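Me: I would like a close look at a single residue and its surroundings, set out with care about how each value was obtained. Please begin with where the residue sits and then work outwards to the rest of the chain.
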Amino acid sequence: MKIPDELKFEYLLSLDNHIDAKREDNRKVTMKKIFEITKKIADLGFGENDIKGISMDEEVFIKYEQWRKDNNY
């Protein structure tokens with residue numbers, strides 16, 4: 001079983017939003033979103049290495065960039 005692409009893309013978007021967040025309030029909100037998505041992925045039975053692998057997979061990142069463009073993020 002693989003992590004669904006939609007969850008991978010939401011995770012990467014949350015990371016991007018966290019990096020771009022300037023104010024502490026916004027950073028807390030974005031960090032909470034990262035934790036929520038991480039929990040969803042973990043609830044599907046995936047571990048820490050699987051989650052870390054999302055941000056290091058070039059193929060996933062290329063698909064993510066296209067997903068962002070297609071969804072106007």
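In which helix is the place of Y11?

Reply: Y11 has its place in helix α1, in a predicted model where local features need pLDDT of at least 70 and side-chain atom pairs count only at pLDDT 80 or more, while totals for chains, interfaces and linings use all residues. Residues are numbered from 1 along each chain as its sequence is written, and side-chain values use heavy atoms, with hydrogens and water left out.

With a relative accessible area of 10%, Y11 is buried (buried is under 20%, exposed over 50%, partly exposed in between, with a 1.4 Å probe and protein chains only). Once residues up to four places away in sequence are set aside, Y11 touches I34, I37, T38, I41, I51 and I54 (a contact is heavy atoms within 4.5 Å). One of these partners, I51, lies 40 residues from Y11 along the chain, and yet the C-alpha atoms of the two are separated by 8.9 Å.

The helix that holds Y11 spans residues 5–20, and its axis comes within 10 Å of that of helix α4 (residues 58–70), the two crossing at roughly 80° (axes are lines fitted to C-alpha atoms, for helices over the stretch in contact, with angles from 0 to 180 degrees between N-to-C directions). The pair α1 and α4 is therefore roughly perpendicular (65 to 115 degrees; under 35 is roughly parallel, over 145 roughly antiparallel, the rest oblique). On the α1 side the residues that meet α4 are D5, E6, K8, F9, E10, L12, L13 and D16, and their partners in α4 are V60, K63, Y64, W67 and R68.

T30 offers a second view of the interior, since it counts as buried at 13% relative accessibility; its place is in helix α2, which runs over residues 24–43. Leaving aside its neighbours within four places in sequence, T30 is in contact with N17, H18 and A21. A polar atom of the T30 side chain also lies 3.0 Å from the backbone oxygen of R27.

For the chain as a whole, there are 4 helices and 0 strands (DSSP runs of H or I with at least four residues, and of E with at least two, numbered from the N terminus), and along the sequence they follow the pattern α-α-α-α. Buried residues make up 29% of the 73 residues. Among contacts in the chain with a separation of 6 or more, 67% come from residues 24 or more positions apart. The C-alpha atoms fill a box of roughly 35 × 25 × 20 Å, taken along the principal axes.

Note on methods
A polar contact is a pair of N or O atoms within 3.5 Å; within protein, one must be able to donate a hydrogen and the other to accept it, and residues adjacent in sequence count only if both atoms are side-chain atoms.
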